[in-house]
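I opened this entry to look up the sheet, the helix that lies across it, and the charged pairs. My notes follow in the order I checked things.

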Amino acid sequence: MDFSKTPITHLIPQRQPFMMVDKVEHCDEIDAHTSFTIVSGNILLDEDQTLSAAGIIENMAQSCAARMGCVDLLHGEPIKIGYIGDVRDAIINIQPPIGTILHTHIHVVEEVFNLLLAEVRVMAGDEIIATARMKVAKTDLIAHLE
């Protein structure tokens, strides 16, 4: 299923001004790729107009959520709410400036019951912006999306 034209608001519960993903470029059972353009006025910009570490981690988390939403749709299920359970080994190499397009890659290491362990990599062009391992727990709560 092609999710590149699916509005992100149909996949994740976050809304402006707290959205850190623009769209899903690819999604399957194991991998997902999202994109996000950093714009002026973003709520998680630092004083120097770069995306803060919190903004980068939030982009990673929302990319995991978008992947989980896509997989729910692939299985014909309603999209459910998830929560970050753990962030480990986070390395932020650079805080990107306004105008940068982030490409976030999610690779599922393990998925057991409602718990996802993923390796996450954020890129800008060929440059690695950040990496981390994230655990996300999916609840039974149905997300009420547009």
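Before reading the sheet I fixed one term: two strands pair if DSSP finds at least two bridges between them. I also noted that this is a predicted model.

**Entry 1: the sheet**

I looked up the strand order. I found an open sheet of six strands, ordered β1-β2-β4-β5-β6-β3, with antiparallel pairing. Which strands sit at the edges? They are β1 (23–27) and β3 (80–92), and each pairs on one side only. I noted the twist too, which averages 25 degrees from one strand to the next.

Next I checked how edge strand β3 is held. Its partner is β6 (residues 127–142); the two run antiparallel and are joined by nine bridges. For a landmark I picked Y83, which stands opposite A137 in β6.

**Entry 2: the helix**

I then turned to helix α1, residues 53–74. It lies across β1, β2 (31–37), β3, β4 (101–112), β5 (115–124) and β6. Relative to β6, helix α1 runs at about 50 degrees.

**Entry 3: salt bridges**

Side chains of opposite charge can pair when their charged atoms come close. How many salt bridges does the structure hold? I got six. I followed up three pairs.

K138 and D72 came up early in my list. Their side chains meet in a salt bridge at 2.7 Å, N to O. K138 lies in strand β6 and D72 in helix α1, so this pair ties together parts that are 66 residues apart in sequence. Are the two partners buried or exposed? With the buried class set at under 20% relative accessible area, K138 counts as buried at 15%. D72 counts as buried as well, at 1%.

Then I checked E119 and R133. Their side chains also form a salt bridge, at 3.0 Å from N to O. E119 belongs to strand β5 and R133 to strand β6, so the pair links parts that are 14 residues apart in sequence. I looked up accessibility here too. E119 is partly exposed at 38%, and R133 is partly exposed at 29%.

Last came E77 and K80. The closest N and O atoms of this salt bridge are 3.5 Å apart. E77 is partly exposed, with a relative accessible area of 33%. K80 counts as partly exposed at 21%.

**Entry 4: summary for the page**

I logged K138 and D72 as a buried pair. I logged E119 and R133 as partly exposed, and E77 and K80 likewise.

Key
Residues numbered from 1 in each chain as written. Predicted model: local features only at pLDDT ≥ 70, side-chain atom pairs only at ≥ 80, totals over all residues. Heavy atoms only, no water. Helix = DSSP H or I, 4+ residues; strand = E, 2+ residues; numbered from the N terminus. Axes fitted to C-alpha atoms, helices over the stretch in contact; angles between N-to-C directions. Contact = heavy atoms within 4.5 Å. Salt bridge = Lys/Arg side-chain N within 4 Å of Asp/Glu carboxyl O. Buried < 20%, exposed > 50% of the residue type's maximum accessible area, 1.4 Å probe, protein only.
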